[in-house]
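Good morning, colleagues. Please take a moment to look at the sequence and the structure before I begin.

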Amino acid sequence: MTQPNILILMVDQLNGTLFPDGPADFLHLPNLKRLAAKSVRFANSYTGSPLCAPARAAFMSGALPSRTGVYDNAAEFRSSLPTYAHFLRRAGYQTCLSGKMHFVGPDQLHGFEERLTTDVYPADFGWTPDYRKPGERIDWWYHNMGSVTGAGVAEITNQLEYDDEVAYHANRKLYDYARGHDDRPWCLTVSFTHPHDPYVARKKYWDLYEDCEHLLPDVPAMDYEDHDAHSKRIFDANDWRSFDITEEDIRRSRRAYFANLSYLDDKIGELLHTLDATRQEAIILFVSDHGDMLGERGLWFKMSFLEGSARVPMMLCAPGLEPRRIETPVSTIDVTPTLCDLAGVSMEEIMPWTDGQSLLPTAKGEPREAPVRIEYAAEASDAPLVCLRQGRYKFTRCALDPEQLFDLVADPHELTNLATDPAHAEALTHFRNLADTTWDLDRFDADVRESQARRWVVYEALRKGGYYPWDFQPLQRASERYMRNHMDLNVLEENQRFPRGE
């Protein structure tokens with residue numbers, strides 16, 4: 001079997017409801033729409049956990065936070081956990097990352113042979129929540145609503161600078177692969193930080209949405225007391241009382257968010273053009289880590305099991321897979337077994353300790369019985385939350401809160417909790433039994449508390465005296481770049497050209 005090249009295009013905080021069957025019609029995303037037409041489109045794909053670091057660890061390892069220990073944005077991703085980069089590299093692949101993966105801890109590679117950029121977020125334990133202090137807001141790093149009230153236009157921001165760099169290095173790497181200096185197959189992961197807030201976009205893309213009819217959410221803001229218990233905790237964590245959110249703030253935030261999708265589409269288009277221009281073939285996966293509520297119900301950002309936060313786009317373009325829309329609920333934890341399946345790589349040695357399954361049978365139309373599982377144990381939670389998505393239903397449980405059961409077919413906006421409705425008692429019993437056999441919430445809670453307490457001690461200790469950060473430092477060997485006197489100029493020019501000269 002010839003091992004295929006693999007290009008993974010990852011974005012950050014992209015609401016999956018905007019990709020019901022590829023990008024929604026109103027979005028100006030010509031490159032992603034062309035990719036969608038060639039792809040299997042998973043209309044009901046979910047994150048492993050609706051927050052950056054735990055979502056990405058789950059995506060890369062095929063395991064949920066309760067297994068990885070990556071509970072929040074400051075939990076260490078252990079070096080002993082295999083990722084798709086490990087599996088593919090072990091099987092002979094070049095593995096490379098350009099962009100964000102929010103690794104926390106001293107290992108900043110996790111199977112990648114090469115990393116082209118630093119990360120956009122810190123690698124230490126400084127963002128650790130603390131269940132010992134329920135309801136505490138840690139002002140210096142918790143989200144607040146300033147991302148909404150500050151929405152608008154700028155030509156450069158911290159995040160635009162980062163994604164410009166991510167795209168530049170990824171494009172350069174695709175050219176490098178084309179030169180053929182290394183005959184191994186390659187897996188390149190390109191991971192952008194947009195459309196993650198702050199909601200600020202370049203005018204070129206902002207102007208595309210001047211007359212957009214989708215600048216207000218379908219479900220307007222609700223009174224605080226009308227929200228479920230966890231949503232109230234999210235509001236409190238986001239310091240909502242300190243901000244007056246106007247309708248114009250909402251419009252500008254959503255407009256900038258859509259504009260940043262168009263910015264990403266341009267960057268992705270450049271990469272796809274280079275792939276075509278250099279006559280390289282590759283499997284292409286497009287995915288997000290988690291979603292964004294985008295003002296629905298008055299909620300923003302993530303941290304919730306509601307559709308806007310937990311549902312993500314996922315599209316897979318690969319030989320032998322007929323383009324189609326798949327309704328069956330699936331998860332980003334299925335990515336690692338899927339990539340291994342496509343590359344002919346066995347995960348058998350560790351399968352008992354993973355949670356995902358290959359998407360290839362589902363992509364070919366075969367039924368899937370296993371429910372999607374989601375976990376959350378980070379800021380805005382005072383105890384772990386768990387979720388099951390199967391068939392038409394979504395079920396959520398937390399030791400602190402009433403259970404929730406939603407019929408997503410009849411109630412796509414999740415406005416009616418059916419957990420106390422006798423007409424749905426059979427479904428509730430089914431999900432209760434499934435949750436009982438899947439999770440021990442007391443043990444989960446104890447593990448999170450132990451992890452948090454240990455990390456607070458380590459973080460505070462390591463900030464005293466000499467400071468040796470874990471942030472990834474990209475290195476360039478300048479003496480091996482372009483032309484140097486230990487090189488033959490004629491050989492160099494020929495080897496660095498694609499296609500080769502006659």
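I shall speak about two sheets, a helix that lies across one of them, and the cavities. Please bear in mind throughout that this is a predicted model.

Let me begin with the sheet of four strands. This sheet is open, its strands follow the order E14-E15-E16-E17, and their pairing is antiparallel. At its edges stand strand E14, residues 372-376, and strand E17, residues 401-407, each of which pairs on one side only. From one strand to the next, the twist averages 15°.

Within this sheet, I would draw your attention to one pair of strands. E14 and strand E15, the latter covering residues 385-390, are joined in the antiparallel sense over five bridges. There, isoleucine 374 has cysteine 387 of E15 standing opposite.

Which helix lies across E14, E15, E16 and E17? The answer is helix H8, residues 229-237. Strand E16 spans residues 393-398, and H8 runs at about 105° to E17.

I turn now to the second sheet. Three strands form this open sheet in the order E10-E3-E13, and here the pairing is mixed. Strand E10, residues 311-312, and strand E13, residues 330-331, each have a single partner strand, so one side of each is left without a neighbour in the sheet. Strand E3, residues 45-46, pairs with E13 in the parallel sense over two bridges. In that pairing, tyrosine 46 stands opposite serine 331 of E13. As a general reminder, strands of a sheet pair through backbone hydrogen bonds, in either a parallel or an antiparallel manner.

Finally, the cavities. How many cavities of 30 Å³ or more does the structure hold? There are four cavities of that volume or more, and the largest contains about 50 Å³ of space.

What lines the largest cavity? Its lining consists of Phe42, Leu285, Met314, Leu316, Asp334, Val335, Thr338, Leu339 and Leu359. By character, these residues divide into seven nonpolar, one polar and one charged. Strand E11, residues 314-317, and helix H11, residues 335-343, each supply at least two residues of this lining. Of the contributors, H11 gives the most, with three residues.

To close, I would ask you to retain two points. The four-stranded open sheet is antiparallel, whereas the three-stranded open sheet has mixed pairing. The lining of the largest cavity includes seven nonpolar residues, and H11 gives the most to that lining. Thank you for your attention.

Definitions and conventions:
Residues are numbered from 1 along each chain as its sequence is written. This is a predicted model: local features need pLDDT of at least 70, side-chain atom pairs count only at pLDDT 80 or more; totals for chains, interfaces and linings use all residues. Side-chain values use heavy atoms; hydrogens and water are left out. Two strands pair if DSSP finds at least two bridges between them. Axes are lines fitted to C-alpha atoms, for helices over the stretch in contact, and angles run from 0 to 180 degrees between N-to-C directions. Contact means heavy atoms within 4.5 Å. On a 1 Å grid over the protein atoms alone, a cavity is a set of points where a 1.4 Å probe fits but cannot get out, and a pocket is an open set with protein on both sides within 12 Å along at least five of seven lines; lining residues have an atom within 4 Å of a point. Grid points are joined across faces, edges and corners, and a volume is the space filled by probe spheres set on the points. Ala, Val, Leu, Ile, Met, Phe, Trp, Tyr, Cys and Pro count as nonpolar, Asp, Glu, Lys and Arg as charged, and the others, Gly among them, as polar.
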